[in-house]
Amino acid sequence: MNFLKKYEEVQQHLDSHYQNWLFGAGISFESNIPLMIPLTKKITADLKDKELRKIYIAIQKLLPQDAHIEYILSQIGDLIAIIERSYSEEIKINNFVYTLEGLSKLYKAIIERISHIVRYGYKSSDPSIEGSIQNPIVTVNFHQEFVKALFKRSSDLHQRKKVNFFTTNYDTLLEDALSLEKKLVIDGFSGSAIGFWDPTSYKKNTNNNEYHVYKLHGSIDWFNDPSYGLIRTRYGTNYLSELSNVLIYPQATKYVETQKDPFATLFNAFREQLRSINQNVLCVCGYSFGDNHINNEIEGILFSPNNNMTLIIFIKEIWNQEHNDTSLSPILHKWLSNSAISDRIFVLTEKGIYNDGLAAYRNKDKEYDWWSFNGLIKLLKEEE
């Protein structure tokens, strides 16, 4: 089967009546929000407090060299959980003493820095350019173009039965773009500028112009307030201004945290939508498959009996030192190698389209940019 036929198959799946989109940090990079590794380097450089920096460096030594900030947050959460279960308020590992107070302060400091950087932006390609409350540099243009392109396709998404958006990103660009394009966003909260956590709001979809957004790792505008509970709030309120209360990333022991609200509701929705017996498609962009929990959910659904999900992944290949060339990540290699599911998987990289095996369908030696968010937007506009 030739390249054009595969391309047409992908376009047909992008017109599916039941669509789910999964986004990762890659879609916000051009909007001046750094990817995980640059974000980690930025936070490492910004951590000036000597005592907190000692704890931070000690934790880094417990992790792989390429561990990013989410892994560091998880490690801090795990250490806090161990101390809270012990008789003392400290634990010693590799001759370093971790205290509950020190770990808690470090955790809050990291959350505050992440919140600031994601809110106002940071250009990792030019470290001298950092946004501030007076001069934010985060832009919504690409997300808005995506929404326009998605809803202008010939089959008219307004008439489709279901379109859901799942994201691991902390920023608010997706829901902002949907609102700017006059789409009603259901995000699990009820209220107005300040909203309260109300998971039943996901069950109240009665309008064809309503679209569900599930933020699997939390959001910079979610606050776990000791008095009011989980609140979605606008920036700058002096009564909900403690940035260390921002609820991002299901930290502590990640699996345990995802069994609690709001994460329990969000991951259950992810599971339920993909397990639909209807023909449905999961499109993935900007996500590097670095979250084993999400990967396991997708894999379990792909192998579940009578499942009708088609998986379309837009991703850049990684450098393979052994073969001196780029290749697919191990998990995508694994899925495409399995004949039981590989016919329902399309992976679009700079080399072409992988489907039903590990050979890429391509148009001569052309390189494609559809692995990027901007390239995906062009594809949605049906520009070859």
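**A walk through two sheets and two cores**

Hi everyone, let's start with one strand, β16: I345, V347 and T349 point one way from it, F346 and L348 point the other way, and all of them are buried. Before going on, please keep in mind that this is a predicted model. Why do the side chains take turns like that? In a regular strand, side chains alternate between the two faces of the sheet.

If you want to find β16 on the screen, look at residues 345-349. Since 5 of its 5 residues are buried, the strand is largely enclosed by the rest of the structure.

Now, which strands sit beside β16? On one side there is β13, residues 309-314, which runs parallel to β16 and is joined to it by 4 bridges. You can pick out one pair here: I313 stands opposite V347. Then there is β17, residues 352-355, which runs antiparallel to β16, again with 4 bridges. In that pairing, F346 faces N355 of β17. How many residues does the hairpin between β16 and β17 use? The link is made through 2 residues.

Let's zoom out to the sheet that holds these strands. It is an open sheet of 9 strands with mixed pairing, and the order is β5-β8-β4-β1-β12-β13-β16-β17-β18. Which strands stand at the edges? They are β5 (184-186) and β18 (360-361); each has a single partner strand, so one side of each is left without a neighbour in the sheet. At the β18 end, β17 and β18 pair in the antiparallel sense over 2 bridges, and there Y354 stands opposite A360 of β18.

Helices pack on this sheet too. Helix α9, residues 263-274, touches β1 (18-23), β4 (162-167), β8 (210-215), β12 (280-285) and β13. Its direction makes about 135° with that of β4. Helix α10, residues 292-303, also packs on the sheet, where it touches β1, β12, β13 and β16. For α10, the direction makes about 140° with that of β13. So our opening strand, β16, is among the strands that α10 touches.

On to another sheet. This one is open as well, with 5 strands in the order β6-β7-β10-β9-β11 and antiparallel pairing. β6 (189-191) and β11 (246-248) stand at its edges with a single partner strand each, which means that one side of each has no neighbour in the sheet. From one strand to the next, the twist averages 40°. Inside this sheet, 2 bridges join β7, residues 195-197, to β10, residues 229-232, and the two run antiparallel. If you'd like a pair to click on, try F196 and its bridge partner in β10, I231.

Next, the nonpolar cores. The largest has 73 residues, and those that touch the most other members are W21, I59, I110, F146 and F165. Which helix gives this core its largest share? That is α5, residues 100-120, with 9 residues. Let's look at I110 a little more. Leaving aside neighbours within four places in sequence, I110 is in contact with I43, Y56, I69, I72, L73 and I76. There is also a second, separate core of 38 residues, and W222, L247, I298 and I331 are among its members.

Some of those I110 contacts come back in a helix pair. Helix α2 (residues 36-46) and helix α4 (residues 69-84) pack at an angle of about 60°, with their axes 8 Å apart. Because of that angle, α2 counts as oblique to α4. Who makes the contact? From α2 we have M36, L39, T40 and I43, and from α4 we have I69, E70 and I72. By type, these residues divide into 5 nonpolar, 1 polar and 1 charged.

Let me finish with two residues on the outside. K61 lies in helix α3, residues 50-61. Is K61 buried or exposed? Exposed means over 50% relative accessibility, and K61 has 69%, so it counts as exposed. K61 and N94 are 33 residues apart in sequence, and their C-alpha atoms are 9.5 Å apart in space. The other residue is I133, in the loop between α5 and α6 (141-151). I133 is exposed too, with a relative accessible area of 58%. Its C-alpha atom is separated by 24 Å from that of K105, which is 28 residues away along the chain.

That's the tour, thanks for listening!

Terms used:
Residues numbered from 1 in each chain as written. Predicted model: local features only at pLDDT ≥ 70, side-chain atom pairs only at ≥ 80, totals over all residues. Heavy atoms only, no water. Core = buried A, V, L, I, M, F, W, Y, C linked by side-chain atoms within 4.5 Å. Buried < 20%, exposed > 50% of the residue type's maximum accessible area, 1.4 Å probe, protein only. Contact = heavy atoms within 4.5 Å. Axes fitted to C-alpha atoms, helices over the stretch in contact; angles between N-to-C directions. Parallel < 35°, antiparallel > 145°, perpendicular 65-115°, else oblique. Nonpolar A, V, L, I, M, F, W, Y, C, P; charged D, E, K, R; others polar. Pairing = 2+ DSSP bridges.
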